[in-house]
Amino acid sequence: MSSIIEVNNLTYQYTDIPVLENLNLSIERGSFLGLVGPNGSGKSTLIKCILGLAKPQAGTLSMFGSEINRFSEWGRIGYVSQRANRFNAGFPATVFEVVSMGLFGQVGLFRFIKKKDRNKVYDALQTVGMENFAKQPIGKLSGGQQQRVLIARALVSEPELLILDEPTVGIDAVSARKFYDLLGQLNREKGLTLLLVSHDVGTMTKYVTDVACLNKTIHFHGTAHDFEADKNLSTLYGYDVQQIIHEHEEIAK
Amino acid sequence: MIEVFFQYDFLQNALIAGILIGFIAPMLGVFLVVKRMSLVADALSHITLTGIAFHLMLANVFAVLSAYDPIFMGMVFAVIGALIIEQLRKVYTHFKEMAIPIILSGGVGLAVIFISLADGFNTDLYAYLFGSVAAVGQADLNTIIIITIIVVTLLILFYKEWFFISFDEEQASISGIRVDGWSFCSLFLWRSSLRQRCA
């Protein structure tokens with residue numbers, strides 16, 4: 001297996017105190033990596049560095065084998081941001097239009113969306129089960145539906161790597177599980193490499209193949225099975241906390 | 001009533017100018033509204049006044065300049081103002097709306113200084129402050145037509161980029177669209193259509 005992302009000795013700081021320090025991480029093609037860490041551990045910052053939105057002060061970062069500064073094939077990466085509903089709810093765009101935005105980078109300047117591209121948009125909507133909402137204004141959908149649409153937008157350019165920053169925040173447990181099922185399916189069937197940032201450690205570890213624990217630097221990177229087996233680590237990163245909540249739910253029933 | 005429009009040139013000019021501006025202003029305006037920058041037009045028209053005042057002040061010293069239309073200096077100032085607004089929006093990431101009032105009040109302040117330096121409020125400046133659609137001449141109309149063509153062409157060509165940027169700047173930049181360039185380009189367009197308002 002070849003690695004899609006290679007991070008070496010990366011350091012990033014907003015102020016004097018580094019948020020990320022001497023971080024090393026490599027993401028293999030075809031893996032489904034769950035990135036966990038407490039608040040302020042630098043998860044979102046790491047994602048920003050990977051996406052080229054933040055320039056690290058030290059270290060190297062390469063994507064698909066080329067240095068980040070020289071990397072230009074952004075269509076190979078799909079991204080769903082932390083604040084999915086950050087856009088203006090009154091924005092006059094339909095679901096179809098929002099998903100087609102995912103193709104704009106590939107279509108290129110001075111070109112228009114063609115029939116072939118339209119079909120891609122419908123395919124992506126079908127993958128997330130939102131094909132019947134194509135003509136609806138995006139602001140009229142529920143949070144969970146909007147999230148699905150944004151994933152369709154990330155998928156429409158047929159990326160090889162999909163990055164999701166806490167995609168299940170504000171989504172109920174049932175929808176979140178369906179959502180993880182969808183991600184697992186994309187990973188297995190389409191061979192899509194996934195990088196998922198989540199606080200929902202208990203649920204997430206059941207779907208991902210690998211787990212990386214982040215707090216300034218990567219403290220653990222291994223299979224989901226090893227992560228669960230290492231009691232100290234999983235306790236530290238909130239695995240058990242989620243378990244207790246589950247027990248409560250069962251008692252309540 | 002209608003036949004007077006065929007009799008008088010100035011009425012025809014006013015009608016055509018009105019229709020063209022009424023056509024492109026909302027087309028560009030919608031991008032401003034969704035980006036929550038509705039007041040940028042006001043800020044840029046104030047900085048345009050600063051430019052005009054600056055030109056009139058310079059014209060007092062260098063007589064050569066009187067030959068030129070001060071609106072061009074106004075446009076230069078507006079473009080600079082647009083650039084500064086873009087920069088300020090980047091500096092105050094969480095309070096982006098601050099950029100507009102800074103330029104607006106700063107522009108008016110500077111304009112007042114230039115006006116005083118140019119020995120008071122003269123009639124020239126007054127004409128630029130309060131334009132009249134009935135005063136649109138053939139030259140103005142030509143400018144308006146050219147600008148309308150440029151704006152419509154650019155809008156058709158780059159609709160998808162602007163659409164994406166207005167919706168989600170961060171995502172647009174990730175998908176490889178040069179957000180900086182486009183934001184500036186669109187500000188420049190708003191600016192050019194604004195020039196018509198002055199005309």
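## A parallel pair in chain A

Start with strand 6 and strand 7 (residues 161–165) of chain A: they run parallel to each other and are joined by four bridges. One of the matches to look for is Tyr79(A), whose bridge partner in strand 7 of chain A is Ile163(A). Keep in mind that this is a predicted model.

## The whole sheet

Those two strands belong to an open sheet of six strands in chain A, ordered 6-7-8-3-9-10, with mixed pairing. Which strands sit at the edges? They are strand 6 (77–80) and strand 10 (217–223) of chain A, and each of them pairs on one side only. Going from one strand to the next, the twist averages 15 degrees.

## Helices on the sheet

Helix 1 (residues 43–50) of chain A packs on this sheet and touches strands 3, 6, 7, 8 and 9 of chain A. Its direction makes about 145 degrees with that of strand 8 (193–197) of chain A. Helix 4 (residues 143–156) of chain A lies across strand 6 and strand 7 of chain A, at about 165 degrees to strand 6.

## Where the chains meet

Now for the partner chain. Chain A brings 24 residues to the contact and chain B brings 21. About 2200 Å² is buried between them, with carbon and sulfur atoms giving 70% of that area.

How many salt bridges are there between chain A and chain B? Just one, and it links the side chains of Arg153(A) and Asp168(B) at 3.6 Å, N to O. On chain A's side of the contact, helix 2 (residues 95–107) gives the largest share, six residues. That side of chain A has 16 nonpolar, four polar and four charged residues.

Note on methods: Residues are numbered from 1 along each chain as its sequence is written. Chains are lettered from A and ligands numbered from 1 in the order in which they are written. This is a predicted model: local features need pLDDT of at least 70, side-chain atom pairs count only at pLDDT 80 or more; totals for chains, interfaces and linings use all residues. Side-chain values use heavy atoms; hydrogens and water are left out. Contact means heavy atoms within 4.5 Å. Buried area is the accessible area (1.4 Å probe) that two parts lose on being put together, summed over both. A salt bridge is a side-chain nitrogen of Lys or Arg within 4 Å of a carboxyl oxygen of Asp or Glu. Ala, Val, Leu, Ile, Met, Phe, Trp, Tyr, Cys and Pro count as nonpolar, Asp, Glu, Lys and Arg as charged, and the others, Gly among them, as polar. Two strands pair if DSSP finds at least two bridges between them. Axes are lines fitted to C-alpha atoms, for helices over the stretch in contact, and angles run from 0 to 180 degrees between N-to-C directions.
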